[in-house]
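Student: Can you walk me through a structure? Short answers, please.
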Amino acid sequence: MSLTSQNIEYQLRVLDTKSTSFCGAKWYNATIYLGAGKTMSCHHNPWHDIAYTDVEENYKALHNTDIKKQQRQQMLDGIRPSGCSYCWDLEDAGSISDRVYKSQLFSERDLYRAFKSDSSEDFDLQVLELSFDKVCQMACSYCHAGYSTTWAQDIKQHGPYESVETDKKLHYKHERRVEQLFKPDQENPFVEAFYKWWDKDLHKTLKELRILGGEPLLSPHIWKFIEWFKSKDTECSLEFITNLGPRVDVDRFLTAIEGEQIVVMTSMETVAEHAEYIRDGVDYDLWCQNVEKCMASKSIKKVSVLFTVNALSLFRMPELLKQIDEWKAIYGKDSIEVSINILRYPVFQNVTVLPQELRSNLVDGLEPWSDNSQVSRLIDYCRVVDEPDNIEQVRKDFKSFFKQYDQRRNKDLIKTWPEIKSWHDKI
Amino acid sequence: MKDKKVLVIGDPTQETDAMCSLLSGRYGGKYIGLHTTEPKQNGFYHFSLADVSTLRAEELIKHYDHLFFLKTKKENFRDKEVFHATRNFLLYVKNWNPIPYDVFDFAKH
């Protein structure tokens, strides 16, 4: 049976017999932002507030919020929660959605237990992405103040970005201070609730714990957390998503995790001055050194390089893939892997902003890696995907945004990408 | 409070409007009512986090001199999501002090 057939069979047998909107992630999977007091059941969902008053009475309310309980009941009743539209759109288009892939992370027995549950019941998590705060020393072009204090500083110092019409979510207009509820030295009831929950239940139920930021290795909470995790008896795997950038003390990190088997996930999608332009604050050579330190460490199980493929990263992406191949030859083929995701928002940094012929030509350079399904999917996407209907506005926003980005960050788009000058001048 | 712009934040019901009116009378200010843009004149305004997003609220409160949060029980909020957002917004104001605020408990007055 092909993989597609297996997934369809799973969906029909395991999920749709419960309800056609049932998804195990609503019960067993979560992303929790402790600094913002927000949660979502998977990364496709919009986040919502966790009630700190509820958490003080019941630490499981970190995940088992009133909103998720309402959505669970909707799923049990066969109603599609509106926040899960990413999956419904895929299914309506005849594709297999992420609710199938995500539900497969959990046993059929646990899914049945969720199906038979009362919607008021609290569930313990099995997969958790956890952010302590949004402290970050970098301000990548496609990130925003909701995930980076340096981005917030940009907006505070220079004001909102103007004339970026497709920025409907105000990513480039707002400091988003309200998404950092606590000062760094303040006690945070959400953090306390997480530790209590771990001690009571999560150390037994969690299979994967992924630590996010901001930049998690700059969080004031992080060293205490690592020491605390090491002292616990658990089968849970621990992963860090870190930018391995300046000010990240990689040596201290590697010493702190000695004896563990950690997965390091680190974002990068191109090389050298292209990387340093897009990922403002990164030092590409330092990043390479830090990746090598991680691969050489006995405490690092694997390094996963997260590509957030955007228009500007396409030009020298093959060089990064080549670098990763070289690392595999030195450190072993299982020491490092790639995870390739196509940036969707902001839409003016999506690859479709580029002329179709240009993006098709650029991905020709990725052909040597096309046996990787993620690379081949990217190649197909760049060659066939249509321009958005509002492409003229999207391109105007590209030009307007990067003009302001250059001024604020002392950069030069055209000096860094001279090959787009004639196209850029015509926008 | 007479010569100030005062914002009352509560749940999205007529009760919040009534409380705004009551507070304006108590403090001698002009009652203005529901308002979701920047205030132009002194007086007592109100909105809920069902009317504006939290990010918009963060911007709007900078244009006021004083905030009142109406103390309302969770079960009395029609929309739990708005209740949680309001409680966390209060937490933000309490911790970062962008402007002076009070929590107004009608039951105690």
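**Chain B and its contact with chain A**

Tutor: Let's start with contacts in chain B. Among those between residues at least 6 apart in sequence, 68% join residues at least 24 apart. Keep in mind that this is a predicted model.

Student: OK. How many helices and strands are in chain B?

Tutor: Chain B has three helices and five strands.

Student: What pattern does chain B follow along the sequence?

Tutor: Reading along, you get β-α-β-β-α-β-α-β.

Student: Now size. What box do the C-alpha atoms of chain B fill?

Tutor: Roughly 35 × 30 × 20 Å, taken along the principal axes.

Student: And what about the radius of gyration of chain B?

Tutor: Chain B has 13 Å. A compact globule with 109 residues would have a value near 13 Å, so the two agree.

Student: What percentage of the residues in chain B is buried?

Tutor: Buried residues account for 33% of the 109 in chain B.

Student: New topic: the contact with chain A. How many residues does each chain give?

Tutor: Chain B gives 14 residues, and chain A gives 18 residues.

Student: Which elements of chain B give two or more residues to that side?

Tutor: Helix H2 (54-60) and helix H3 (80-96) of chain B do.

Student: Which one gives the largest share?

Tutor: H3(B), with eleven residues on the side of chain B that touches chain A.

Student: What classes of residue are on that side?

Tutor: On the side of chain B that touches chain A, six are nonpolar, four are polar and four are charged.

Technical notes: Residues are numbered from 1 along each chain as its sequence is written. Chains are lettered from A and ligands numbered from 1 in the order in which they are written. This is a predicted model: local features need pLDDT of at least 70, side-chain atom pairs count only at pLDDT 80 or more; totals for chains, interfaces and linings use all residues. Helices (H or I, at least four residues) and strands (E, at least two) are DSSP runs, numbered from the N terminus. The radius of gyration is taken over C-alpha atoms; the globule rule is 2.2 Å times the number of residues to the power 0.38. A residue is buried if 20 or more other C-beta atoms lie within 10 Å of its own, exposed if 12 or fewer, and partly exposed in between; C-beta atoms are placed from the backbone. Two residues are in contact if their C-beta atoms, placed from the backbone, lie within 7 Å. Ala, Val, Leu, Ile, Met, Phe, Trp, Tyr, Cys and Pro count as nonpolar, Asp, Glu, Lys and Arg as charged, and the others, Gly among them, as polar.
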